[in-house]
Amino acid sequence: MKLEKFRAEGPIAAIFGAVNTGSWRQEYPAVDYEACITCGTCQRYCPVDAITIRKDQEDCVVFAWDFCKGCGICANECPKACIKMMPVGGGK
């Protein structure tokens with residue numbers, strides 16, 4: 001079996017970096033820390049990996065606000081429903 005070589009022409013991205021997308025957010029996740037069981041489900045389902053679980057601290061769910069888009073997947077997947085989506089700016 002002969003392998004053929006192909007040449008890619010045109011612009012190709014060689015360097016990838018994270019982009020601050022948190023400013024797009026219309027809603028943000030708010031956690032009821034007393035109800036949280038630190039299971040990590042929200043972290044596993046976050047599409048941008050913006051959640052860190054710290055089981056040894058009172059504020060056990062930490063969001064990287066620069067990257068959280070406010071999609072609400074964490075709130076939808078939480079088995080204890082301890083994450084609620086709140087409007088940015090305190091509006092209704």
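Where in the chain is the place of Ala 81? Ala 81 sits in the loop between helix 2 and strand 4, the strand that covers 83-87. Keep that spot in mind, as we'll come back to it. One thing to know before we go on: what you're looking at is a predicted model.

Let's start with the overall layout. The chain has two helices and four strands. If you walk along from the N terminus, the elements come in the order β-α-β-β-α-β. There are 92 residues in the chain, and 27% of them count as buried. The accessible surface adds up to about 7,200 Å², with 53% of that belonging to carbon and sulfur atoms. Now think about who touches whom. Take the contacts with a separation of 6 or more: 66% of them are between residues 24 or more positions apart.

Ser 23 gives you a nice example of two residues with a long stretch of chain between them. You'll find Ser 23 in the segment before strand 1 (27-31). Its C-alpha atom is 8.7 Å from the C-alpha atom of Cys 68, although the two residues are 45 apart along the chain. Ser 23 counts as exposed because its relative accessibility is 63%. Cys 68, with a relative accessible area of 8%, is buried.

Now for the inside. In general, nonpolar side chains tend to be buried together in soluble globular proteins. Here, the largest nonpolar core has 16 residues. Cys 42, Ile 51, Val 61 and Ile 83 are the ones with the most contacts inside it. Strand 2 (51-53), strand 3 and helix 2 are the elements that give two or more residues to this core. Zoom in on Val 61 and leave out residues up to four places away in sequence. You'll see Val 61 touching Val 31, Tyr 33, Cys 36, Cys 42, Ile 51, Thr 52 and Ile 53.

Several cysteines have come up by now, so how many disulfides does a search of the whole structure find? The search finds zero. A disulfide needs two cysteine sulfur atoms within 2.5 Å, and a couple of pairs show how the model misses that. The sulfur of Cys 39 has its closest cysteine sulfur in Cys 78, but the distance is 6.0 Å, so that is too far for a bond. Cys 68 tells a similar story: the closest cysteine sulfur belongs to Cys 74, and at 6.4 Å it is too far away for a bond. As for its surroundings, Cys 39 counts as partly exposed, at 33% relative accessibility.

Not everything nonpolar is tucked away. Tyr 28, Trp 65, Met 86 and Val 88 form a nonpolar patch on the surface, and together they have about 350 Å² of accessible area. Look for Trp 65 in the loop between strand 3 (61-63) and helix 2 (73-77). With a relative accessible area of 38%, Trp 65 is partly exposed.

Next, let's talk charges. Side chains of opposite charge can pair when their charged atoms come close. How many salt bridges does the count come to here? The count is one. The partners are Asp 59 and Arg 54, and their closest N and O atoms are 3.2 Å apart. Both count as partly exposed: Asp 59 has 35% relative accessibility, and Arg 54 has 27%.

Arg 54 deserves a second look. Its place is in the loop between strand 2 and strand 3. If you set aside its neighbours within four places in sequence, Arg 54 is in contact with Asp 59, Cys 60 and Val 62. Arg 54 and Gly 40 are 14 residues apart in sequence, and their C-alpha atoms are 9.4 Å apart in space.

Finally, back to where we began. Most residues other than glycine have a negative phi. Ala 81 isn't a glycine, yet its phi is positive, at about 55°. Thr 38 isn't a glycine either, and its phi is also positive, at about 45°. Thr 38 is found in the loop between strand 1 and helix 1 (41-45). Are these two residues buried, exposed or partly exposed? Thr 38 is buried, with a relative accessible area of 15%, whereas Ala 81 counts as partly exposed at 42% relative accessibility.

Methods: Residues are numbered from 1 along each chain as its sequence is written. This is a predicted model: local features need pLDDT of at least 70, side-chain atom pairs count only at pLDDT 80 or more; totals for chains, interfaces and linings use all residues. Side-chain values use heavy atoms; hydrogens and water are left out. Patches are made of residues with over 30% relative accessible area and no salt bridge: like charges are joined within 9 Å, nonpolar side chains (Val, Leu, Ile, Met, Phe, Trp, Tyr) within 5 Å. Accessible areas come from the Shrake-Rupley method with a 1.4 Å probe; for residues, only the protein chains shown count as cover. A salt bridge is a side-chain nitrogen of Lys or Arg within 4 Å of a carboxyl oxygen of Asp or Glu. Buried means under 20% relative accessible area, exposed over 50%, partly exposed in between (1.4 Å probe, protein chains only). A nonpolar core is a set of buried Ala, Val, Leu, Ile, Met, Phe, Trp, Tyr and Cys residues joined through side-chain atoms within 4.5 Å. Contact means heavy atoms within 4.5 Å.
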